Amino acid sequence: MKKLIAYCGLDCEKCDARIATLNNDNALREKVAKLWSELNGVEITSEMINCEGCRSDGIKSPYCDVMCPIRQCALGKAIETCGKCSAMDGCQTVGMVLANNAEALGNLKSSKK
């Protein structure tokens, strides 16, 4: 599986946090911080938006590194992605992403093959 596919199936290559990091784009960092704060119910500052992908080596945002329950679960189970987990179909943790992102679901289902 492509290293830039996150544990949840999202494509880190398309992630604004990764794009902001690679391009050192502070305006995009501000936008991502605001959106992620609203979506996750935690305060995320633009200074926290530095990430090269949750499964790749390198820097990760604090949310992606230690606060993301999906990443923590996959790491604890020592699985490549949620697509390798037998409980994925009924999982409420990854379900919050998959319910709103058909591409992520497709990425995980293709990893089962």
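## Exercises on a predicted helical model

In H1 (residues 16-23), Ala 17, Arg 18, Ala 20 and Thr 21 are buried, meaning under 20% relative accessible area, against over 50% for exposed and in between for partly exposed (1.4 Å probe, protein chains only). Seen down the axis of H1, these buried residues fall within an arc of 160° (taken from the directions from the helix axis to the C-beta atoms), so they line one face of the helix. Helices are DSSP runs of H or I with at least four residues, and strands are runs of E with at least two, numbered from the N terminus.

The model is predicted, so local features need pLDDT of at least 70 and side-chain atom pairs count only at pLDDT 80 or more, while totals for chains, interfaces and linings use all residues. Residues are numbered from 1 along each chain as its sequence is written, and side-chain values use heavy atoms, with hydrogens and water left out.

**Exercise 1.** Identify the exposed residues of H1 and an element that covers its buried residues.

*Solution.*
- Step 1: Leu 22 and Asn 23 are exposed on the other side of H1.
- Step 2: The cover over the buried residues of H1 includes H2.
- Step 3: Just after H1, Asn 24 has a positive phi of about 50°.

**Exercise 2.** State how many salt bridges the structure holds, and characterise those of Asp 11, Glu 38 and Asp 65.

*Solution.*
- Step 1: There are six salt bridges, each a side-chain nitrogen of Lys or Arg within 4 Å of a carboxyl oxygen of Asp or Glu.
- Step 2: Asp 11 pairs with Lys 2 at 3.2 Å, N to O. Asp 11 counts as buried because its relative accessibility is 12%, whereas Lys 2, at 40%, counts as partly exposed.
- Step 3: Glu 38 pairs with Lys 34 at 3.0 Å, N to O. Both lie in H2 (residues 26-40), four residues apart, about one turn of the helix. An α-helix has 3.6 residues a turn, so residues three or four places apart point the same way. Glu 38 and Lys 34 are both exposed.
- Step 4: Asp 65 pairs with Arg 71, the closest N and O atoms being 3.3 Å apart. Asp 65 is partly exposed at 31% relative accessible area, and Arg 71 is buried at 9%.
- Step 5: Lys 2, Asp 11 and Glu 13 are joined into one network by salt bridges that share partners.

**Exercise 3.** Describe the largest nonpolar core, and locate the contacts of Trp 36.

*Solution.*
- Step 1: A nonpolar core is a set of buried Ala, Val, Leu, Ile, Met, Phe, Trp, Tyr and Cys residues joined through side-chain atoms within 4.5 Å. In soluble globular proteins, nonpolar side chains tend to be buried together.
- Step 2: The largest core has 29 residues, of which Trp 36, Ile 49, Ile 70 and Val 94 touch the most other members.
- Step 3: Two or more residues each come from H1, H2, H3 (62-67), H4 (69-77), H5 (92-98) and H6 (102-111). H2 gives the most, with four residues.
- Step 4: Beyond its neighbours within four places in sequence, Trp 36 has contacts (heavy atoms within 4.5 Å) with Cys 15, Ala 17, Gly 41, Ile 44, Ile 49, Ser 61 and Cys 64.

**Exercise 4.** Describe the largest pocket and the largest cavity, then place Ile 79.

*Solution.*
- Step 1: On a 1 Å grid over the protein atoms alone, a cavity is a set of points where a 1.4 Å probe fits but cannot get out; a pocket is an open set with protein on both sides within 12 Å along at least five of seven lines, and lining residues have an atom within 4 Å of a point. Grid points are joined across faces, edges and corners, and a volume is the space filled by probe spheres set on the points.
- Step 2: The largest pocket has a volume of about 900 Å³. Its lining holds 34 residues, with Cys 8, Leu 10, Cys 15, Trp 36 and Val 97 nearest the centre. H2 supplies the largest share of that lining, six residues.
- Step 3: The count gives one cavity of 30 Å³ or more, and the largest cavity holds about 80 Å³. Its lining includes Ile 70, Ala 74, Ile 79, Cys 85 and Val 94. H4 supplies the largest share, four residues.
- Step 4: Ile 79 lies in the loop between H4 and H5 and counts as buried because its relative accessibility is 18%. Not counting residues up to four places away in sequence, Ile 79 touches Tyr 7, Ala 74, Lys 84 and Cys 85. The C-alpha atoms of Ile 79 and Tyr 7 are separated by 8.5 Å, with the two positions 72 residues apart along the chain numbering.
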